[in-house]
Each structure stands twice: as structure tokens, then as C-alpha cells.
Amino acid sequence: MTTETVEWAPGATDEKSYYIKGDIETSTREAETNENVVLQNEREIATHVISVDDDPSLNPWTFRAFFIGLGLSAFGGSLAQIYYFKPQTISVSLMFLAIISYVIGLAMETFIPRHGLLRCLNPGPFNKKENAFIIIMCSAAANSALATEVLAVQRLYYNITPNAGSSIFLLLSSQLLGYGIGGLMRGILLYPSKMLYPGVLPLLSMFDAFYRDGIEARRRLKVFYFVFTAIFIWEIFPEWIFPLLTGLSVFCLAAPNNAAVSRVFGGSNGNEGLGLLSICLDWQYISSNAGNPMAIPLRAQLSSFIGYVLCMVVFIAVFYNNIWESQNFPFLAQLLFYENGTVYNQTLVMNSNYEVDPTLVAEQGLPFYAGTWIINLLSTNLGLAATFTHLLLWNRDDLRPAWIWMDMDTLKNWRANFDWKFWKHSGKREIPANTEDLDPHYREMLKYPDAPNSWYLLTLVLSFTVGLIVIYKTNSTLPWWGFVIAVLLAAVSILFFGTLCAITGIKTLVQMIAGYLHNGRPTANMFFVLYSYNTVSQALLLLRDLKIAQYAKLPPRAAFTAQIIGTILGAVLNYVLMNSIIDNQREILLSVQGTNIWSGQQPQSYNSQAIAWGGLAHELFSTGQRYQWVPLSYLIGLVAPLPFWIIHRYWPRLRMDYYYIPIICAYIGWLAAGINSTSLSYFAVSFLSQWWLRTRYPRWFVKYNYLVGAALDGGTQIMVFILTFAVQGAAGTSHLFPEWWGANQGGNYDRCLYL
């Protein structure tokens, strides 16, 4: 008999819901067992794809775990900073770190004797919780701290090299502030089943393959090793020998000297073109778009695809209709320009205090952005505003715990039971009488002492205090009240963007607010963004890693310890590597297009927006000015989800609830920077995985989909790391593959016209 799957489609209110049969996610295959039922919601995915079982006897507090964790944290923090200066923004894969830690742990278990002086390095079999402890420590370290972006901009564009001590404290305070706020919101953004965090599912699926016993586990492990080895060998071709595979375009090959073809169909190099219909065979760039395409749910993928199509249409229309004089400037660029298309010299409009001087601006003229970058700003503002409305319409019950505590009785009770001796808190939690409604993974975690809210509150207070001191010691020009507003803005944003897990718009919002609060001071704008946007970003990273701990059943106090250690170590290494790369690659980082290996697009973008928003917000973005629609797009974004909500309320069978309007809006500016030849391959893999495999072969999907995704990420990241240092110049000198048809070292790799 055929299985008839039924999906619950949430209505506009809690009183009303609708059951829709036979939508695009319904299985058409025959089913004999429960394993063949298509997974429809977050709870089913979290309990079928990864194991709920826990073994409380496994100990994560081993010297071996700290030894490996500290070593890989140093490695990951360094690698993340290197990737920050790449033409495509790439994060250090959790799978990569997990595989390395697993191999090292297994080697120590096998070759180090369990007696004598070295017994502390091999207390017994390397276990799942040790691995999770190591991964969380590495994950906290393996991020390029936004504070290094501020410091990089100061060195590259202002010729300022801040004091090392102040720089380190700037890094620490900005990195830990979000941890404090995010930790206090765990009850809303972490514990419920609805907070799935799909990006971590491949990692946990891989853990199950590594540490579970039995014939099925061994079969899954063989699949993992096969895919891992295959992609590891393959990546040497698109990354070094045959870089044309990064973006294979028949249109570029047919018309290599056509500028329009390059803008529309090119995309193998940074800021080249839109990459329409290009085929990318480099998994590094495919999975760096918006995460592993085999893990992101279909609903989010479909919304992203709609935004992607709109992005190409809008970008082409803006450029070829010469809106905002777009044809005077590069098609894709993040810099500020004079009207004639030359790069804007920002130092000529700033006085000795690094504030914008109106007299000097009048002499130089107001700067221009590339038209596509203005669309990027518009779309991020649309996505940001739409996020607030979308979540209040569709997910207000999920958000309600954030404000229901704000009544006098609750506050009085909290004050009466407050104990400032945080180090004495036992962390014991009351287990509800009815645990059926609890997330199954969270229910297993209740047996362990919690890292209490007081620990996160202390982290918040210390970070806030240090940050308040640093903004004056570094001459940031940001006043104390601006710092306070930045932190409050971040706290509200964490609630909404933590729920959606999409922070694409918050950066532009805080830049606009800072621009009007501190007009004429671009440095203040950068620091305002640092303590608001970065706080949101760090909070989401904390919550993601705590979700890994929840899925792996790692005790909360072990997770907290790993995160704090990893964050501190990573911040210090970020600072050291940032200085080293700027010393060796300064001229490339200052160029518009960079190279296929190094690019300064991120500090360029950060600096140009600081100048535009922090120094010239009124002149460029106020009503009646050239870019007035950038701030006005917030108003449009606020109402964008309303038509979809109204249609679904009265005509639910049209399934307007299936679309994430904030994601559609944000993706309208998706192709504004980086290597864009990946989009077709990215969406092809995502629909193959999350629709075809999930609905046609659900049993295979449950067993292997996330495991294969983990193997692809892991094998790719290890080969990319080797090539980065061996041939791509991370060690100082690059060794490009000798030029041939598939390696056009003198231009764009896809052989489109180099503009």
C-alpha cells in the first residue's frame, strides 16, 4: 500500500490549523516500515536522523580532550583568519575539525600506552563526548573576529596600527558580549525541538557513524570514508590543476571577448559576474554559499532560489538602465568611487581626527556606490524588516517567553531568590512531571548540572565593562551612550534573528542607526557595528554550538568551558594572523578585484560603508538624496510579509506559509560580491537532496544524506587547507599551476573577458 503523508501547515493563529495532503514534499514511493515515512517537521528530523541515546558514563573532562582541543583551536583560529582574506567568504568547516580531532584521538588511543607517564593522554577509548568537547572549543576559536576587520581597516585605509594590548581586549570584549546575551536566551532559542539548527545535523550524523556499533554503523562508516576520499582527491583539480572547473560556462567559451557575457555569465573569479548557468564542480564554493546544500531544509532553499532569480533580474536591470549611473563603475564592487569611476580617496575628505570634513567633501564631491551594491543594501534592509513582521505573524508563540516574564510578580520573585554567589550554583534543574512535550534530546540533558544563567550574566557584565573602557582607550570616537544603544539593539536582534538564523540584514541597520547618531564619524560607525552586529553573530554561534552539545549529550558546563577557552584563544590568534597577512599582501588587499587567492573585499566593504554611513549618511541616504531608497526599504520590508499572511489565512491551500519572505528579500542582493558561478550547482544539489531523495527515497535520506554531506565538507576542507599553504601563498609565496587552457592564470578562469 502507498503511504499517505500528511503535513501540518501552521495557520495565522494558534486556534486554527489546516491539513494539506499531497504537496511537493509528499512521498510517491511505497512504504513498508516507518523508516520509509517522509520526515516532515523538526522533531521528526532531530529524532530520526541522529541518535537520542545517551551514555552518562562517558567522560569529556580528560587531559586528552583539552590537549587536542587547544591544539586544534589554535589551528582553526589561524585558518579562519586566512579565509577572511579569500575572494569567497569561507568558514572553517565543523566537519573538517571533527574529522581531524577524531583521527588524532583515535591515534592517541591506539599508539599511546595507558600506563606510565603518558597515561593522561590515553585514559581509555576516545569517546563521543570528548570529540564534542573538542569540536565546540575549536568552533568557538575558528571564526574570524569582526574586531580584526576594524583593525584591518585602520591599518589598510587609515595607516593606524592600534596598541596590541587594546586590540586584544577589543577582540575579547566584542567576542564574549554575544555569548552572555545569547546564553540568557537558551530557553527560547535552544531547548525547543523547533530550534533545529539544520547546519549541525551532518556533523552529528557523522558522530553516530563514528561511535555506534553494529553492522549498519560499519556500513555507514564505509560510505563516509569512500565519499571523503573521493572528494579529497577531486578537489586538487578545481583548486589548483584545473581551476576552470570552478565556473564552467559555455557562454564564456563561446564569446570570450564580450563584456555583457562576462557580466551575466561569468563568475569563476571574485566580482566577475552573476554566473548565470555556470556549472561549478568545486565543493568548497558550492557549500560556502549558504551552508551545506544537503542540510538546509527545502522551504528555505525554495525561498532562496526565488530571491536568487529576482537578484539576477534586478542587477541586470539596474546596470543596463544606468540607474545611479551604474555604468560608470564596475558591475560588482564594494568600494566607493568618484563619478568618473576611479576609486574614491577617502583620506582627502577627513581631518586629522578622522572625521569627515564638509568642506573637503565639497571639494572632492560625494562618493558613489556600484549600483549592484546599492541593491545589496536595499535587499538586506528589506530582509531585516521583513524578519520582524514575519516572525511576529507566524511565530509569535515561539517568541512569547521573551517578554511574558516582564511582570511585577515575576520580577519580585526573581529578586527574592537572587543569589550573587554564582560559583555556588549547583545547576540542578527541576524535571517536569510531564516530559512528553520536551525535546527528546533536551530531556536527556536534564540529568546533568546546568551552566546557570548567572555564569552567562557574569560573562555579559565583564564584557560590557571591558568594552566600555576599550572604546575610550582606542580613540574610537564612539561615546558611552552609543555603546549602550549598540548592545541593546543587539539584544533585541538576537531574539528575532536567532529564531530565523539569518542575520543578513542586521549589519546595514546598525550602520544606518550609527550614521545618524554619530554623523561625520566613520570610526564610531565601525565600533558601533562591532558591538551590535558582531554581538548578534557571536550569540548565534554560541547557540549553534550549544545545540551540538545538546544533540551529543555533552554536559552544559563542559560546553560552557570549551566555548570560553576557544573564544579567547581564537581571538588572540586572529590578531596575530591578521597583522601577518596585511604585512605580506597589502597591495592585493587594496585592489578592487584581488586575485583568485587573496582578496580585500571584506575590509573594503566594511570601510566604504563606514565612510558612507558614518560620515555621509545625511548627504547620501536621507530623503531626497541619491540613495534615499536604502533606508526607506525598511518600511517596505515591514509590510512585505502581510499579503502572504492574509492570503494564507483565507486561502490556506495556496500554501503561502511555505515561503520565508525575509529570505526572499535578502537574496535579492545575494550576488553582489565573491565567486558566483556556484549558484546553479548549489540549488541542483539542494533540490536533489532535500526534495528528490527525501521524498522518493526517505530511508536512504535518513541513513546517508547528512553523512554524505559531512564527508564532502570534511574531505574538501582538508585538501583546501593543504593547498592553501602548499601552493596558494598562505605560507608567503604562491605556486600557481603552469598556464594551460584549463588554468587561465592571466585572466578569469572561465575565460570570460577580464573587465
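**Reading one predicted chain, feature by feature**

Visitor: How many disulfides does a search of the whole structure find?

Guide: A search of the whole structure finds one disulfide, and you should keep in mind throughout that this is a predicted model. In general, a disulfide is a covalent bond between the sulfur atoms of two cysteines. Here the bond joins Cys252 to Cys752, with an S to S distance of 1.9 Å.

Visitor: Where do Cys252 and Cys752 sit along the chain?

Guide: The pair links distant parts of the chain, since Cys252 belongs to helix α11 (residues 250–254) while Cys752 lies in the segment after α30 (698–726), 500 residues apart. Cys252 and Cys752 are both buried.

Visitor: Is the disulfide of Cys252 and Cys752 left-handed or right-handed?

Guide: The torsion about the S-S bond is about -80 degrees, so the disulfide of Cys252 and Cys752 is left-handed.

Visitor: Turning to charged pairs, how many salt bridges does the structure hold, and where do Lys129 and Asp54 lie?

Guide: The structure holds nine salt bridges. In one of them the side chains of Lys129 and Asp54 meet at 2.9 Å, N to O. Lys129 lies in helix α4 and Asp54 in the loop between α1 (42–48) and α2 (63–84), so this pair ties together parts that are 75 residues apart in sequence. Both Lys129 and Asp54 are buried.

Visitor: What of Asp657 and Arg655, and which residues are joined into one network by salt bridges that share partners?

Guide: Asp657 forms a salt bridge with Arg655, the closest N and O atoms being 3.1 Å apart; Asp657 is buried, with a relative accessible area of 4%, and Arg655 also counts as buried, at 11%. The network is made of Asp54, Lys129, Glu444 and Lys447, which are joined by salt bridges that share partners.

Visitor: Is Asp545 buried or exposed?

Guide: Asp545 is buried, with a relative accessible area of 1%, whereas Arg544, whose side chain meets that of Asp545 in a salt bridge (3.2 Å, N to O), is partly exposed at 22%. The cut-off that separates the two is 20% relative accessible area, under which a residue is called buried.

Visitor: Where is the place of Asn127, and what does Asn127 touch?

Guide: Asn127 is found in the loop between α3 (94–111) and α4 (128–141), and at 9% relative accessibility it counts as buried. A polar atom of the Asn127 side chain lies 2.9 Å from the backbone nitrogen of Lys129. Leaving aside residues up to four places away in sequence, Asn127 touches Leu58, Asn59 and Tyr211.

Visitor: How should I read the length of helix α6?

Guide: At 1.5 Å a residue, the 21 residues of α6 (residues 164–184) should span 30 Å, and the C-alpha atoms at its ends are 31 Å apart, which agrees. The helix is mostly covered, with 16 of its 21 residues buried. At the start of α6, a side-chain oxygen of Asn163 reaches to within 2.8 Å of the backbone nitrogen of Gly165.

Visitor: Which residues touch the most other members of the largest nonpolar core?

Guide: Of the 196 residues in this core, Leu203, Met206 and Tyr531 touch the most other members. Helix α23 (residues 522–552) gives the most to the core, with 18 residues. Met206 touches Met95, Ala98, Ile99, Phe224, Leu707 and Ala710, not counting residues up to four places away in sequence. There is also a second, separate core of six residues, among them Leu382, Ala640, Ile661 and Cys665; Cys665 is buried, with a relative accessible area of 8%.

Definitions and conventions: Residues are numbered from 1 along each chain as its sequence is written. This is a predicted model: local features need pLDDT of at least 70, side-chain atom pairs count only at pLDDT 80 or more; totals for chains, interfaces and linings use all residues. Side-chain values use heavy atoms; hydrogens and water are left out. A nonpolar core is a set of buried Ala, Val, Leu, Ile, Met, Phe, Trp, Tyr and Cys residues joined through side-chain atoms within 4.5 Å. Buried means under 20% relative accessible area, exposed over 50%, partly exposed in between (1.4 Å probe, protein chains only). Helices (H or I, at least four residues) and strands (E, at least two) are DSSP runs, numbered from the N terminus. Contact means heavy atoms within 4.5 Å. A polar contact is a pair of N or O atoms within 3.5 Å; within protein, one must be able to donate a hydrogen and the other to accept it, and residues adjacent in sequence count only if both atoms are side-chain atoms. The expected span of a helix is 1.5 Å times one less than its number of residues. A disulfide is a pair of cysteine sulfur atoms within 2.5 Å. A salt bridge is a side-chain nitrogen of Lys or Arg within 4 Å of a carboxyl oxygen of Asp or Glu.
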